[in-house]
Amino acid sequence: MYDLAIIGGGPAGYVAAERAGAKGLAVVLFEKEALGGVCLNEGCIPTKTLLYSAKIYESCLGAAKYGVTAGETGFDFQKIMDRKNRVVRRLVAGVGAKMKAHNVTVIKSAATITGRSGDQINIETAGETHAARNLLICTGSEAFVPPIPGIADAGATVLTSREILAARDRPASLVVIGGGVIGMEFAGFFSTLGTEVTVIEMMPEILGGLDTEISAMLREHYTRKGVKFNLGCRVTAVDGNTVEFTDNGGESHRVTAERILVSVGRKAVTTGFGLENLGVQTGPKGILVDEYMRTNIPGVYAAGDVTGFSMLAHTASREAEVVVNNLTGDPDRMKYDAVPGVVYTNPEVAGTGHTLDSAVAAGIDARELKLPMAYAGRFVVENDSVNGLCKVIVENAGNRVIGVHMIGNPCSEMIFGACTAIERGITVGELERVIFPHPTVSEIIRETLFAH
C-alpha cells in the first residue's frame, strides 16, 4: 500500500510527488496524459516560449534605437511553434526524471476512485486496483467555453488556448473573447507577428483583478500597436467567423476574423474520476479545502486548480508542499497574502498583495506610493521610449508593505522580492534599509519608498 496516491501530474501533482518521495514516502502518481499538466504542456511554458520568440523579433525591429544595425528581420511561424514543442518535450522529460530520482511510481493512465476500505483509499486504473493511506487530488482545470449561441457550430474557427497552441499557421486576423491574462498574452503574441487582433472584454478594463491603472497602461500600449479593444461589451452570438456583441449602451456590433479565441476563464475538473465515491464536498468553484488543503474526508487532500481558488501554477505547487509537509510532520498552512500574478506581455505586468482598491474594500487604511520606472537607471538603459510604473501599497497603521504592482520589463523577475516583504510583514523602514544592487530595475521599489 502506498503512503500517498496523487491523481494528476501537473504543478501540484508532480511537486507533491517529488517532495513526498524525497521525504521517504511511497508515492504513486496517476496521469492520463503528459506529465506537467496543462501548465507545462498547454499553458505556462508553451505560451512563454512563443512570447519570447515574439519579444526577440520585436527587439530586432527596434534595434536601431540602440545603435544596432540588424539585417532583414523576419520570422518563421512554423519554426517558432516547433521550438515551443521542443522546449515542452525537454521539460516533460525533466519531470519524468525527477519522478524516477525520487522513486515515484508513475502510472500513465486515467484513474478512478472506487471507494474506501478501512484506512485505505482504493483507486482503479487499467483493470488494476491500487491502495493508499492518503490521496491528493490534483486534477486541475479546463478552458471554459460559454454557451454563446452559434459557438458550438463554428467548428475549427473557434479555438481555446489548447487548440491555438497547436496552430501551424498564423491567422491574418484574430478575435479574442476575454481580455484576461491568457487573452492578453495571445493578443500580444499574435499582434507582434502582424495579426490583426480585436479584444472583446465584458469588464470595464482588461486584466480584471489587477491594478486598474497598470491594466490601462498595458491596454494603451497595445492600442498604439494596433490592437482594437472593446470594453464593457457582451458577446451575444458567433456566426461562422463573425462575433456579434453589444456595448454597454446596448448598441450591437459585429467583427469578422479568420480565427476566434475564447479566453474567458477556466473551470475546475471535479468529475470523471470517481470523486463522488468518497463523498468529497465541492462548491461552485471546485473542491472545498481548509488552510491545510484538507477536504472534508480524512486522508483526502486537494491542491491546484481543482480547488478553483487561485488558478496559478506556483500557487498549486505551494499548496502541494503544504500537503506533503503536514503529512511528514512539518506543520504548515497555506497563505494567499502574497501570491504573485504575472502577465508575460511586452512590457510585462506583475503584482502581488493588495491593490489600493482591494485594500479599501477590505477595510484597510492604506496609502499608495507610485513612481515611473524611469527613476531606475537600468530601466532607461534597456527600455528606450517605453513607459513603466511601480506602485507600493502601504498599510498606514503598521507602515507595512501589503502590495506591490508594476508594469515594465523585467518585473516578472522582481516580484518575488515584494512577495517576501509582504509574507514577512516587512515595514517601509525595514525595506528602505535593504541594499539593492545598482544599477538594476529592482531599485525602483526602494526609489518608490524614498520618493514619498
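**Figure 1. An open sheet of five antiparallel strands in the predicted model.** The strand order is 18-19-22-21-20. Strand 18 (341–343) and strand 20 (366–372) occupy the edges; each has a single partner strand, so one side of each is left without a neighbour in the sheet. On average, neighbouring strands of this sheet are turned by 15 degrees against each other, with direction ignored.

**Figure 2. Pairing of strand 18 with strand 19.** The two strands run antiparallel and are joined by three bridges, with strand 19 covering residues 349–353. Val342 has Ala350 of strand 19 as its bridge partner.

**Figure 3. Helix 13 packed on the sheet.** Helix 13 comprises residues 443–450 and touches strand 20, strand 21 (389–395) and strand 22 (400–407). The direction of helix 13 makes about 120 degrees with that of strand 20.

**Figure 4. The chain as the setting for the close-ups.** In total, the secondary structure comes to 13 helices and 22 strands. The radius of gyration is 23 Å, close to the 22 Å that the globule rule gives for 452 residues, so the chain is as compact as a globular protein of that length. The C-alpha trace spans about 70 × 60 × 50 Å along its principal axes.

**Figure 5. Burial, contacts and surface of the chain.** Of the 452 residues in the chain, 50% are buried. Among contacts between residues at least 6 apart in sequence, 63% join residues at least 24 apart. The chain exposes about 20600 Å², of which carbon and sulfur atoms supply 51%.

Technical notes:
Residues are numbered from 1 along each chain as its sequence is written. This is a predicted model: local features need pLDDT of at least 70, side-chain atom pairs count only at pLDDT 80 or more; totals for chains, interfaces and linings use all residues. Side-chain values use heavy atoms; hydrogens and water are left out. Two strands pair if DSSP finds at least two bridges between them. Helices (H or I, at least four residues) and strands (E, at least two) are DSSP runs, numbered from the N terminus. Axes are lines fitted to C-alpha atoms, for helices over the stretch in contact, and angles run from 0 to 180 degrees between N-to-C directions. Contact means heavy atoms within 4.5 Å. The radius of gyration is taken over C-alpha atoms; the globule rule is 2.2 Å times the number of residues to the power 0.38. Buried means under 20% relative accessible area, exposed over 50%, partly exposed in between (1.4 Å probe, protein chains only). Accessible areas come from the Shrake-Rupley method with a 1.4 Å probe; for residues, only the protein chains shown count as cover.
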